[in-house]
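New to this one? Take a look at the fold first, and then we'll walk through a few spots in it.

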Amino acid sequence: MQSFDWSKAPQPSDHIISARACTSIASYVWAMNSLLQPQKSQEITRNEEEEAAAAAAAAEKEEEEEEEEEEEDQRKENQENIERRGVQDQELAIAPQLELPQEEEDQRKEKQENIERREGQDQELNVAPRLDPPQEEEERARCEWDFHLSAVVSTAAASSSDTLGVIEFDSPGALIATGGIARKIRIYSLSSLVSQESDQTTTAFSEHSSACSYYICTPAKLSSLRWRPGSGSRVIGSGDYDGVITEYDLERRVPVFERDEHGGRRVWSVDYSSSGPAVGASGSDDGTMQLWDPRCSDSGGCLSTVRPGEVGRSTAVCSVEFSPFDSTTVAVGCADRRAYTYDLRNMSGPVRVFDGHAKAVTYAKFLGAQALVSASIDSCLKLWNVADACVVRTYRGHVNARNFVGLSVWRDGGLIACGSESDQVFVYDAKWGEPIWAHRFERGFVSSVCWRQAGSDRCTLVAGGSDGVLQLFVGTRKASSSRG
């Protein structure tokens, strides 16, 4: 047996690494792992992002392909419909139809229905029917008139004490009466201010002292004037700030009738019935509208007293007007934001209540047999259907927040005029809610307006300002808008 040489055996030191060496190797391995790990993570993250982007691109492409297929199918279907309709049109011997999207077709039908409904309302209210404008300008007001400033009447030193509160034409339209803060009723002859043959390029300027035919001094400031029907433009009635109603004989220039039944409260409005024996009506700050007979000597012989508004609450009556189209209806405008109509045969309550203004109603005027126009200090006018008290149209453009600025309607021409606190006079066509014409005064707001109720293709409008200036405008219908 061969013996083993222990001297040649491996020594432990050849295979066993010292503790210090082991520690160095472990540190190296950990450091390498630390360097390699982020690189591996970044590679994994990049791979995931690339895979996600590829998947999204594939999905988007697939979606686009589906949309293209749907559009192509829809295009083919539309083409087939058009071809089929073209064949039908040829069979019916008519021109091929352009197909409108359903939404546009619905809008077209709705607009056509609105036009037909408005025309029906205008016919019911005796308002000239609306001409059919281009569809894109359907709601835009169109002026069918040319207005020219024909005369200006003023004073050398105008002041607030000259404010014109009321202007009235007599029935033939030959005389103009004005009144206001100056405590004077001035009478002008229209022919002396402007000639019917005058051109449309010149303006006549004058002063009240020379332009006025004559005047009558009154004991108080005037808020209302009205020519008495049947007097041959000889008698005019007035309402004043002291609550007194007075009639004046203009030939003798003296008062011939006086009525003081409103308790000293300001009378805002006076009117007379146009048919039969004249009946007077007055509205006052005392919250009443009173009907009276001017033929009676004992303060007019009160026929009826009405207190519009809610029971137990008093509201100032700012406007009264008898309907010129019948003998039984009177309209009232009140500070309770409402207008009312009453039947003279039964004054126990209103026939209709017109509720829609935001502030006091200052005027109510009949434009037609079934059309009433109201004005308010909410800066708008409203056209009402008298039969059902529904608003037909609202007119905006002027400014009226605190003062009486006047309201007048020209029934033959379907025009409405009012003043404005923006120092302008505005004209509205009853067919549109926007003003068709406006003219600016040099100073002071426009406080009163009045149309001459004559003619159909030529109109006359007089406006007065808070500075006492009187301006007269003549309007002629444009040739393209002349009625046949």
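Below is a short tour of the cores, one buried serine and some charged pairs.

Keep in mind that this is a predicted model.

Let's begin with the nonpolar cores. The largest one has 22 residues, and those touching the most other members are Phe147, Leu415, Val425, Val427, Trp437, Trp451 and Leu461. Six strands each give two or more residues to this core: β1 (145-154), β24 (415-418), β25 (424-429), β26 (435-440), β27 (446-451) and β28 (458-465). Strand β1 supplies the largest share, with four residues. There's also a second, separate core of 17 residues, which includes Ala151, Leu190, Val194 and Cys450.

Leu461 is a good residue to zoom in on. Beyond its neighbours within four places in sequence, Leu461 is in contact with Ala417, Val425, Val427, Trp437, Val449, Cys450, Trp451, Gln471, Leu472 and Phe473.

What about cysteines? Cys450 is buried, because its relative accessible area is 6%, and Cys212 is buried too, at 11%. The disulfide count comes to zero.

Next up is Ser282, which sits in strand β12 (residues 280-284). Is Ser282 buried or exposed? Its relative accessibility is 0%, so Ser282 counts as buried. The side chain of Ser282 makes a polar contact of 3.2 Å with the side chain of Trp292. Leaving out neighbours within four places in sequence, Ser282 has contacts that include Ile245, Arg259, His262, Met289 and Val320.

Now for the charged residues. How many salt bridges turn up in the whole structure? A search finds 17, and here are some of them:

| Pair | Closest N to O |
|---|---|
| Arg228 and Glu247 | 3.0 Å |
| Glu310 and Arg313 | 3.6 Å |
| Arg477 and Asp457 | 2.9 Å |

Arg228 and Glu247 form a salt bridge. This pair links distant parts of the chain, 19 residues apart: Arg228 is in the loop between β7 (222-227) and β8 (235-240), and Glu247 is in strand β9 (residues 245-249). Arg228 is partly exposed at 21% relative accessibility, while Glu247 is buried at 1%.

Arg477 and Asp457 form another salt bridge. Here, too, distant parts of the chain are linked, with Arg477 in strand β29 (residues 470-477) and Asp457 in the loop between β27 and β28, 20 residues apart. Arg477 is buried at 9% relative accessible area, whereas Asp457 is partly exposed at 36%.

As for Glu310 and Arg313, Glu310 is partly exposed at 44% and Arg313 is exposed at 59%.

Finally, salt bridges also link Arg234, Asp249, Glu251 and Arg252 in a network.

Terms used:
Residues are numbered from 1 along each chain as its sequence is written. This is a predicted model: local features need pLDDT of at least 70, side-chain atom pairs count only at pLDDT 80 or more; totals for chains, interfaces and linings use all residues. Side-chain values use heavy atoms; hydrogens and water are left out. Buried means under 20% relative accessible area, exposed over 50%, partly exposed in between (1.4 Å probe, protein chains only). A polar contact is a pair of N or O atoms within 3.5 Å; within protein, one must be able to donate a hydrogen and the other to accept it, and residues adjacent in sequence count only if both atoms are side-chain atoms. Contact means heavy atoms within 4.5 Å. A disulfide is a pair of cysteine sulfur atoms within 2.5 Å. A nonpolar core is a set of buried Ala, Val, Leu, Ile, Met, Phe, Trp, Tyr and Cys residues joined through side-chain atoms within 4.5 Å. A salt bridge is a side-chain nitrogen of Lys or Arg within 4 Å of a carboxyl oxygen of Asp or Glu.
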